[in-house]
Amino acid sequence: MILDPEKLVISMRSLSRGMNSGSFIIPLDKINWDIDGAEPADDEATLELSVDYGDSIVLCSGRLNADFKTPCARCLEPMLFNICEAIHREYTWEFDPSGEQEREIVPQSGELCILDAVREAILLSIPGKPLCSPDCDGICYN
Ligand SMILES: [Zn+2]
């Protein structure tokens with residue numbers, strides 16, 4: 001399986017039928033994450049990916065093992081959090097005119113971009129009320 005680590009694009013041509021899996025080093029600092037309130041805490045991370053290439057569905061799942069940071073809700077100092085959500089996307093070959101399925105269509109270019117799926121996993125992992133420590137006193141104005 002071939003993945004462009006800076007664009008998070010999988011080349012369909014590099015996949016074999018059935019299960020494909022791989023582990024990739026991702027240069028977190030080179031990717032345009034465009035996530036409000038969170039950014040990578042390291043330059044690099046590992047992406048574990050498996051793609052099940054079936055006749056009607058291409059199932060893509062994985063996990064980005066990375067720390068991101070977001071401002072503490074009280075003192076605004078960066079707090080680290082780990083990506084705990086899995087990456088998941090389903091693709092299909094043909095458009096369903098009934099509009100009942102929510103799967104994306106495999107692009108004609110044969111390039112599957114999973115950046116949105118990874119971004120989603122990061123967004124879902126941002127703590128609801130991030131605190132740098134449980135007893136953070138917040139910003140001191142003295
Ligand atoms: Zn704090």
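Me: Where is S56 found?
Reply: This is a predicted model: local features need pLDDT of at least 70, side-chain atom pairs count only at pLDDT 80 or more, and totals for chains, interfaces and linings use all residues. Residues are numbered from 1 along each chain as its sequence is written, and side-chain values use heavy atoms, with hydrogens and water left out. Strands (E, at least two residues) and helices (H or I, at least four) are DSSP runs, numbered from the N terminus. S56 is in the loop between β5 and β6.

Me: Is S56 buried, partly exposed or exposed?
Reply: Buried means under 20% relative accessible area, exposed means over 50%, and partly exposed lies in between (1.4 Å probe, protein chains only). S56 has 45% relative accessibility. That value makes S56 partly exposed.

Me: Which residues does S56 touch, leaving out those up to four places away in sequence?
Reply: Contact means heavy atoms within 4.5 Å. S56 and E94 are 38 residues apart along the chain, with C-alpha atoms 8.3 Å apart. The residues that S56 touches are Y91, T92 and W93.

Me: How many residues lie between β5 and β6 in their hairpin?
Reply: Two strands pair if DSSP finds at least two bridges between them. β5 and β6 have eight bridges and run antiparallel. One of the facing pairs sets L49 opposite G62 in β6. The hairpin leaves a gap of three residues.

Me: How many bridges pair β3 with β5?
Reply: The pairing is antiparallel. One contact point is P27, whose bridge partner in β5 is E44. The count for β3 and β5 is 10 bridges.

Me: Which side chains of β5 are buried?
Reply: The side chains of β5 alternate between two faces. E44, T46, E48, S50 and D52 point to one face and are not buried. The buried ones, on the other face, are A45, L47, L49, V51 and Y53.

Me: Which residues have the most contacts inside the largest nonpolar core?
Reply: A nonpolar core is a set of buried Ala, Val, Leu, Ile, Met, Phe, Trp, Tyr and Cys residues joined through side-chain atoms within 4.5 Å. The largest one has 34 residues, and those with the most contacts inside it are L8, W33, L64 and I114.

Me: Which elements give two or more residues to this core?
Reply: Four are strands: β3 (18–27), β5 (44–53), β6 (57–65) and β9 (87–92). The helix on the list is α1.

Me: Is I122 buried or exposed?
Reply: I122 belongs to helix α1 (residues 115–125). Among its contacts beyond four places in sequence are W33, L64 and F81. Its relative accessibility is 0%, so I122 is buried.

Me: How far apart in space are I122 and E39, C-alpha to C-alpha?
Reply: In sequence, 83 residues separate I122 from E39. In space their C-alpha distance is 9.5 Å.

Me: Which are the edge strands of the open sheet?
Reply: This sheet has three strands in the order β1-β2-β11, with antiparallel pairing. Three bridges join β2 (residues 9–11) to β11, and V9 stands opposite C113. The strands that pair on one side only are β1 (3–4) and β11 (111–113).

Me: What arrangement do the four donor atoms make around the zinc ion?
Reply: Donors are N, O and S atoms within 2.8 Å of the metal (3.2 Å for Na, K and Ca); water is not among the atoms, so sites may look incomplete. Here they are the SG atoms of C72, C75, C132 and C136, lying 2.3 Å from the zinc ion. Four donors count as tetrahedral if all angles lie between 85 and 135 degrees. The angles here are 106 to 114 degrees, so the arrangement is tetrahedral.

Me: How are the zinc donor residues spaced in sequence?
Reply: C72 is buried at 1% relative accessible area, and C75 is buried at 15%. The spacing of the donor residues is C-x2-C-x56-C-x3-C.

Me: How many helices and strands does the protein chain have?
Reply: From the N terminus, the elements run β-β-β-β-β-β-β-β-β-β-β-α. Of the 142 residues, 36% count as buried. The tally is one helix and 11 strands.

Key:
Four donors count as tetrahedral if all angles lie between 85 and 135 degrees; four count as square planar and six as octahedral if opposite donors are over 155 degrees apart and all others between 65 and 115; anything else is irregular.
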